[in-house]
Amino acid sequence: MNKARMQGFTLMELMIIVVIVGILATLAYPSYDNFIRRARMEEAKARIMDKARSMERLYATARTFNSTNPGQQASAPVSTDFFDITFAQDSPKADSYEIIARPSARNSRETKGIYYNSIGIMNRCNIDSDGKTSNCEQY
């Protein structure tokens, strides 16, 4: 057999490439997953901050966060594809509000949500279905 005419890869060479690609994927996937989780959290944070600006504008014009005047009521926060963003229970009040972002069903691997209040405190917390927070860290 003339070796000059042989072309292509041997099975052993292909298997080595498959192993190398597998090792690279194993190393890269956790970083990619972490990046995706942070990007989703940042999108929720941006929506919360947008709603906070809107609440401050409402307070500047109506002198309350829960105005009953037509055209001056607080609208509900806008959710993202991966976080359900709502006012906390019994919020907004006349002089304060709280916004909570919980991971949605499409974001089932996320364990933390975002809690924000009217004095500007933003935390990443475990948030239960009743809106109670635990294990919070400054965000």
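Q: Before we start, what is a nonpolar core?
A: A nonpolar core is a set of buried Ala, Val, Leu, Ile, Met, Phe, Trp, Tyr and Cys residues that are joined through side-chain atoms within 4.5 Å. What follows describes a predicted model.

Q: OK, how many residues does the largest one have here, and which have the most contacts inside it?
A: The largest nonpolar core has 16 residues, and those with the most contacts inside it are I48, F83, I85, Y97, A101 and I114. The elements that give two or more residues to this core are the helix α1 (11-62) and the strands β1, β2 and β3, and the largest share, 5 residues, comes from α1.

Q: What is I48 in contact with, leaving aside its neighbours within four places in sequence?
A: With those neighbours set aside, I48 is in contact with I85, I99, A101, I114, Y116 and M122. In general, nonpolar side chains tend to be buried together in soluble globular proteins.

Q: And what lies apart from that big core?
A: Another core lies apart from it, and this one has 5 residues, among them A88, I100, Y115 and I127.

Q: Switching to the sheet, what order do the strands have?
A: The sheet is open and has 5 strands in the order β1-β2-β3-β4-β5, with antiparallel pairing. Its edge strands are β1 and β5 (133-138), each of which pairs on one side only, and the twist averages 25 degrees from one strand to the next.

Q: How many bridges are there between β1 and β2?
A: Strand β1 (residues 83-87) and strand β2 (residues 98-103) pair over 5 bridges in the antiparallel sense, with F87 standing opposite I99 in β2.

Q: What stands opposite I99 in β3?
A: In β3, Y116 stands opposite I99, and β2 is joined to β3 (residues 113-117) by 4 bridges, the two strands running antiparallel. Strand β3 is also joined by 4 bridges to β4 (residues 122-127), again running antiparallel, and there I114 stands opposite R124.

Q: Where does α1 sit relative to all that?
A: Helix α1 packs on the sheet, where it touches β1, β2, β3 and β4, and its direction makes about 20 degrees with that of β1.

Q: New topic: where is S67, and is it buried or exposed?
A: S67 has its place in the loop between α1 and β1, and it counts as buried because its relative accessibility is 8%, where the cut-off for buried is under 20%.

Q: What does S67 touch?
A: Not counting residues up to four places away in sequence, S67 touches A62, Q72 and Q73. In addition, a polar atom of the S67 side chain lies 3.1 Å from the backbone nitrogen of N69.

Key:
Residues numbered from 1 in each chain as written. Predicted model: local features only at pLDDT ≥ 70, side-chain atom pairs only at ≥ 80, totals over all residues. Heavy atoms only, no water. Pairing = 2+ DSSP bridges. Buried < 20%, exposed > 50% of the residue type's maximum accessible area, 1.4 Å probe, protein only. Contact = heavy atoms within 4.5 Å. Polar contact = N/O pair within 3.5 Å; in protein donor to acceptor, adjacent residues only side chain to side chain. Axes fitted to C-alpha atoms, helices over the stretch in contact; angles between N-to-C directions.
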